[in-house]
Amino acid sequence: MKLTYLGHAVVYIETQGFKGIIDPFLRGNGMCPRLPEDFKELDYIFVTHGHADHLGDTVELAKATSARVVANAEIIDYLRKQGLENLHAMHIGGKFKTDFGFVKMTPALHGSGINHRGEMIYGGNPGGFLLEIEGIRIYHAGDTGLTLDMKLLEKEKIHVAFLPVGGNYTMDMADAAIGVGFIKPRVVIPIHYDTFEVIAANPEIFRALVKDARVVVLDPGEAYEIPQESI
Ligand code: NI
Ligand code: MN
């Protein structure tokens, strides 16, 4: 399994039988080395919440690739009005089984409004995703502050956790390091930093703060491959 970080909160997941992207903020994301048209095939798009830096290019990507979009019910309702049809609505705490494994929506402490042509539309509650793909568990926290709920993820035996570390809108590095202690993933990959000045962070400081997992720092465009022998 190959996990490519595309800057901000964008994660592209690839296996032989599965292609998915989380929070596809591509255009307008100065950190992202890819554009929507670079994705010819996509099975799934996961959207953690309605903010523009996460909903991003979902509509364009889904129209071009026919990927199924998974998000909370309010965002799915909005996307249906934008002309999308291959949609899966779910909500916090809910889990559904799929051809590739399962998707569970986890809580996040944040907002989820959708900015539609300058007007803020209700986007339900923000979340994160626990994905099991071909037996490997990945957690993408979305945008969130530190929460005790993260302790509930320890039992999920998460292989790779993507956690926001940039502060201001989400956990900063110190809080994210505490989160790692709750979640206990094997590997943690910091996201949601350096895109804007207000979320500048040095991931090497995060690396030094984390005691409970291996920290993998990826540059935008760089991938982490889960070694076959460690699965
Ligand atoms: Ni947000
Ligand atoms: Mn964000």
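Biologist: What radius of gyration would a compact globule with 231 residues have, and what does the protein chain have?

Modeller: The radius is taken over C-alpha atoms, and the globule rule is 2.2 Å times the number of residues to the power 0.38. That puts a compact globule of 231 residues near 17 Å; the protein chain has 16 Å, which agrees. The model is predicted: local features need pLDDT of at least 70, side-chain atom pairs count only at pLDDT 80 or more, and totals for chains, interfaces and linings use all residues. Residues are numbered from 1 along each chain as its sequence is written, chains are lettered from A and ligands numbered from 1 in the order written, and side-chain values use heavy atoms, without hydrogens and water.

Biologist: How much of the protein chain is buried?

Modeller: Buried means under 20% relative accessible area, exposed over 50%, and partly exposed in between (1.4 Å probe, protein chains only). Here buried residues are 56% of the 231. Asp-53 and His-54 are both buried.

Biologist: Which residues coordinate the manganese ion (ligand 2)?

Modeller: Donors are N, O and S atoms within 2.8 Å of the metal (3.2 Å for Na, K and Ca); water is not among the atoms, so sites may look incomplete. Asp-53 (OD), His-54 (NE2), Asp-143 (OD) and His-192 (NE2) coordinate the manganese ion at 2.1 to 2.2 Å. Along the chain, their spacing is D-H-x88-D-x48-H.

Biologist: Which residue coordinates both the manganese ion (ligand 2) and the nickel ion (ligand 1)?

Modeller: Asp-143 does. The two ions lie 3.2 Å apart.
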